[in-house]
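Student: Hey, can you walk me through this one? I'd like to start with the cysteines.

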Amino acid sequence: MSRFTSRRGLLFGTAAVGAGALLTGCTSNESKDEPAANDQPAADDKPGKQVTIGFAGPQADHGWLNAINDNAKSRAKKYSDVTLEITEGSNDTAAQIGQIETLINKKVDVLVVLPADGKALTQVGLKAMRADIPVINLDRIFNTPQAYRCWIGGDNYGMGLNAGHYIGEKLKGKSNATVIELAGLDNLELTKQRTQGFDDALKNYPNIKKVARQAAEFTVESGQAKMAQLLQAQSKFDALWNHDDDQGVGALRAIDQAGRDDFLMVGGAGALSAFQAIKQDDGVLKATVLYPPTMAASAIDLARALGQGKGVGGMAEFEIPASITLYSAVVDKTNVDQYMSTGFK
Amino acid sequence: MTQHASPPRDSTGKVPSADGPPAWRGLIARADVRTLSLLGVLAALIIIGGITKPDQFLDTRNLQLVLTQASVIGVVTVGMTFVITSGGIDLSVGAIVALASVWATTVATQEYGFGGILFTAVLVGVGCGLVNGLLIAYGGMVPFIATLAMLASARGLALQITDGKTQIVTIPSVLDLGERDAYVLGIPPLVMVFAVVTIIGWLVLNRTTFGRRTVAVGGNAEAARLAGIDVRRQRLYLYLLSGLCCGIAAFLLIILSGSGQNTNGNLYELDAIAAAIIGGTLLSGGRGTITGSVLGVLIFTTITNIFALNNLQSDVQQIAKGAIIVAAVLVQRRTASTT
């Protein structure tokens, strides 16, 4: 209920300010055509009001998650007006709830939460919002928009889509081309989305047929094992879409062990080792589709803007958006240098 | 089936007779119904593979692939078979493999080259086994609890060492062992290690005092103690052995995947226990068979291979794997009870 009260309060406040402005406009003799956005500046690097940001993420047991933590920390360090309260990462739902509640009790100004399980942590997101602490929900989304002020995350469907288009363009003009897919953990929603995007993209290229798909587990070990089997099963194919660069380390090892180089490979996520292989261009890996861990740095930016009551630079609105879906850019030899610094180990 | 009788049994579960059967009869007796039924399951799988994907399945490269993929978990299962035969359990094998593999692939270790990685992997494996053994044999802890604690802490330590990062191996002499050039007479080095561990394991369990003591401790620990066996020391050695196997397996995994990651060895404990149980090793102890365990591992690996070759998805694979475990055990019980 308090959530609604505060939203109503906000609406009322805005209306009052608007009425005031209208009155001023009416009574003043001076014409004021300046856009209102000037009254509410966009966030920039200049120090502003002090903001304490609470950050709660899952256990960094994977290269990408580790990069998320690093990105958040280094971005917060950049701003003299930001204090970061970071909790120990945990994959245990109860433990993460406890950590977020601690941050709520500490009365941080803004919360950034990357939940280990978005659905399970929705309640604590709601609790923070009701305590008037706005939540930036990072990547794994809560069940209801009431539990966050802004969501920022990657585009799994877009990853598959862009990987499919990249492969489609590379194989254009090749009749009866075949592709195979090395997917991630099949019990995750994001894996299904990546596959769906890929399949949808391939529909634009009638000359290409997907002939095999196996699910690995986002680990090097499983990537090697599943890829070795796929290579044995498919004596000839033209392209491979691998959902994750970490399991890609294992997949590339299996490809090397099988002595195969007769196809092109597109990875996913944006690991440093993948960028380096793309730059060297002496193997099958030709591109990777981003799922950028820099989203954690952007989440800190958004939290700071929110805490200082500012909007986003380059946009007309007074406030930060309610939802931001990142773009899954394709990184290949032509633009890899530009992205190298974002590569995670 | 109560297998807690005091006389020690050999790998087939039969009490050896005093004078011993003639050599040819011994061979047949050793290849008992259980082993034969396992061979039957494996043969059936090979036929299924051959029918569904004749070109890919019956290829030499595929045979090399199946055996290579069986090697890492196979070595772990040999150690697990000893532990289970003695009436114990080791839930920490997967975590030990993870810890040994990440410790052996740290930047500091890689400076010492091939020997440094091998030595570290084995040392970490044995070290973890030693802790398990001391806790169980001399600390009086239940194996389930002690190794569960090791599972948690070894995984935690592995995560701490890697900081969640994948540690890529850069030493050519290590990586080359996983390449086709290293195959001798078409046999990958990993498979050779697996074969050697299996043969040594079989000889130790069936032909040495150590093996007889292991079976005796598992059959009836109190009787074994009264018979003059140092049960505690025996248990310590068994968990050391399991840890050693994990260390060797970690080294094989490093060669195979070219990296160390804290997620390595995921669910190895369940795979190794399942393979040993399917093979005919009694979970309650007192009977163990290395041959059966290795056949169990080969059955699992062959199933995975056939599924992948036929492009079946992981959900179907898991259901079928469960069904085959049940079927294999049911067939064994039926054939065992009718003879």
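Tutor: Sure. Across all chains of this predicted model, the count is 0 disulfides, a disulfide being a pair of cysteine sulfur atoms within 2.5 Å.

Student: Why is there no bond for the sulfur of Cys245(B)?

Tutor: Because the closest cysteine sulfur, in Cys246(B), is 7.0 Å away, too far for a bond.

Student: And is Cys245(B) buried or exposed?

Tutor: Cys245(B) is buried, at 5% relative accessible area. Cys246(B) is buried too, at 0%. Buried means under 20% relative accessible area, exposed over 50%, and partly exposed in between (1.4 Å probe, protein chains only).

Student: Switching topic: what's the mean pLDDT of chain B?

Tutor: The mean is 88, and 88% of the residues in chain B reach 70 or more. pLDDT is the predictor's confidence in each residue, from 0 to 100. Over residues 1-18 of chain B, though, pLDDT stays under 50.

Student: And the complex?

Tutor: The predictor gives an ipTM of 0.83 and a pTM of 0.83.

Student: Where does Leu148(B) sit?

Tutor: In helix H8 of chain B, residues 143-162; helices are DSSP runs (H or I, at least four residues), numbered from the N terminus. Leu148(B) is partly exposed, at 38% relative accessibility.

Student: Any conventions I should know?

Tutor: Residues are numbered from 1 along each chain as its sequence is written, with chains lettered from A and ligands numbered from 1 in written order. Local features need pLDDT of at least 70, side-chain atom pairs count only at pLDDT 80 or more, and totals for chains, interfaces and linings use all residues, while side-chain values use heavy atoms, leaving out hydrogens and water.

Notes. Contact = heavy atoms within 4.5 Å. Helix = DSSP H or I, 4+ residues; strand = E, 2+ residues; numbered from the N terminus.
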